[in-house]
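Please load the model in your viewer and keep the selection box handy. We will begin with the whole chain and then move from one stop to the next.

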Amino acid sequence: MRLLDDIVAAKPQIQAIRRDIHAHPELRFAEHRTSELVASALKGWGIEVHRAIGGTGVVGVIGASRAGSTIAGRMIGLRADMDALPIQELNEFAHRSTHPGRMHACGHDGHTAMLLAAARHLAQAPSFSGTVVLIFQPAEEGGAGAKKMIEDGLFERFPCDAVFAIHNWPGLALGQLGIANGPVMASTSEFEIRVLGRGAHAAMPDLGIDPVFVAVQIVQGLQGLVTRVKRPIDNAVLSVTMIHAGDATNVIPDTATVCGTVRTFKDSVTDLIEDGMRRIAQSTAQAHQAYAQVMFERNYPPTVNHAREAQFAATVGDEVLGPENVIRDIEPTMGAEDFAFMLQHRPGAYLFLGNGTSGIHRSAGHGAGPCTLHNASYDFNDELIPIGASYWVRLVERFLSNA
């Protein structure tokens with residue numbers, strides 16, 4: 001790997017910031033301490049700072065900003081997310097969460113640290129012509145913070161020619177870069193089907209309309225959308241994750257509720273599943289003299305990389321990490337990511353950077369569980385800080401070399 005010496009030397013300083021953020025996790029749109037820490041660090045390095053974009057979002061600008069000006073030159077956006085998750089941390093090391101029920105279980109503390117390390121280098125040793133926009137985003141975890149920043153004028157104020165984001169990836173070898181041309185993460189939608197029947201004594205079901213029975217038929221029918229309606233070559237997951245009904249063993253309730261999630265890589269497939277879900281729920285309920293109400297909410301669209309930017313990111317990976325560490329056809333995941341909104345407005349790419357395998361990087365005191373994302377025993381691998389930061393710097397330099 002070709003890491004930058006000053007970034008490697010600064011690792012202890014940036015690692016301390018990362019662990020401080022880990023110890024003080026903040027949930028979506030409440031990242032007040034974290035955004036203050038980020039803004040303070042950027043200002044300390046002489047970087048132009050813009051606050052309160054999308055709520056608690058922070059944007060740093062290095063170079064010739066075109067916000068409100070006609071300065072020529074290209075502009076690249078680099079995004080890191082800042083929010084934590086509502087999970088009780090099981091780790092016992094010194095930088096564990098100080099807030100019960102909250103922890104950085106997805107590595108957003110590390111993403112912020114990597115971008116800060118890159119920002120420090122770019123501000124102190126600029127070797128590019130153009131503008132770098134450092135996007136520190138709130139509320140990735142279910143809050144659509146990317147969408148909020150866009151609605152708040154992010155790309156009008158900072159008209160990036162391309163945007164990029166990195167997510168650490170446990171299970172991928174330390175420092176390996178995974179890139180996909182096209183879909184890399186799925187859309188996420190959630191549904192609630194409320195079946196309205198008529199309650200009765202459980203010993204006299206003929207006097208009522210059993211919503212539990214109807215709900216079970218609906219659940220069975222929904223699986224046919226994936227196996228018999230959707231084209232086999234299109235990816236989709238439909239998972240029923242909750243069924244709620246009744247309060248007593250001898251009473252047929254009035255209502256039953258079925259909830260779950262749908263994940264796809266194409267909006268057209270989501271359309272097909274939503275339409276089919278409404279049809280199956282309502283017709284099945286009608287067949288049994290019940291009634292079904294369907295709520296289908298689309299949260300994040302699929303994260304789809306742009307071909308040119310994905311190829312460019314891979315080429316930079318070859319240079320920094322070595323071709324043997326760049327996986328150009330990484331398997332997409334059915335997880336979701338709100339960077340998808342940014343890729344709908346600007347060309348760019350979303351990348352996976354290996355966090356290591358088996359969790360051996362973690363300090364003594366980590367929990368007994370696996371070092372996987374959204375796990376109470378997770379911790380970011382600090383060895384990624386100089387790797388990710390060096391990659392960010394080289395990406396900027398290559399992108400803006402002809403600005």
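Here is the tour, one selection at a time.

**Before you start**

This is a predicted model, in which local features need pLDDT of at least 70 and side-chain atom pairs count only at pLDDT 80 or more, while totals for chains, interfaces and linings use all residues. Residues are numbered from 1 along each chain as its sequence is written, and side-chain values use heavy atoms, with hydrogens and water left out.

**Stop 1: the whole chain**

Show the protein chain as a cartoon: it has eleven helices and 16 strands. Both are DSSP runs numbered from the N terminus, with helices being H or I of at least four residues and strands E of at least two. The radius of gyration is 24 Å, close to the 22 Å that the globule rule gives for 403 residues, so the chain is as compact as a globular protein of that length. That radius is taken over C-alpha atoms, and the rule is 2.2 Å times the number of residues to the power 0.38. Along the principal axes, the C-alpha atoms fill a box of roughly 80 × 45 × 40 Å.

Now colour by accessibility. Of the 403 residues, 56% count as buried; buried means under 20% relative accessible area, exposed over 50% and partly exposed in between, with a 1.4 Å probe and protein chains only. If you compute contacts (heavy atoms within 4.5 Å), take the pairs at least 6 apart in sequence: 80% of these join residues at least 24 apart.

**Stop 2: helices H2 and H3**

Select residues 32–44, which form helix H3. Its 13 residues reach 18 Å from first C-alpha to last, close to the 18 Å expected at 1.5 Å a residue; the expected span is 1.5 Å times one less than the number of residues. Buried residues of H3 include Thr-34, Leu-37 and Val-38. Which elements cover them? Add helix H2 (11–23), strand S1 (48–53), strand S2 (57–63), helix H4 (108–124) and strand S4 (131–137), which are among the cover. Just after H3, Gly-46 takes a positive phi of about 80 degrees.

Move on to H2, where the end C-alpha atoms are 18 Å apart, in agreement with the expected span. Ile-14, Ile-17 and Ile-21 are among its buried residues. The buried residues of H2 pack against helix H1 (5–9), H3, H4 and H11.

**Stop 3: helix H11**

Follow that last partner to residues 384–399, the 16 residues of H11. Of these, 15 are buried, so H11 is largely enclosed by the rest of the structure.

**Stop 4: two alanines with positive phi**

Most residues other than glycine have a negative phi. Pick Ala-52 in strand S1, where phi is near 60 degrees. Then pick Ala-144, in the loop between S4 and helix H5 (145–151), where phi is near 55 degrees. Is each one buried or exposed? Ala-52 is exposed, with a relative accessible area of 51%, whereas Ala-144 is buried at 16%.

**Stop 5: Leu-172**

Finish at Leu-172, in the loop between strand S5 (162–170) and strand S6 (177–178). Leu-172 is buried, with a relative accessible area of 10%. Leaving out residues up to four places away in sequence, Leu-172 touches several residues, including Gly-178, Ile-327, Ile-330 and Phe-352. For a distance label, join its C-alpha to that of Glu-309: the two are separated by 22 Å and lie 137 residues apart along the chain.
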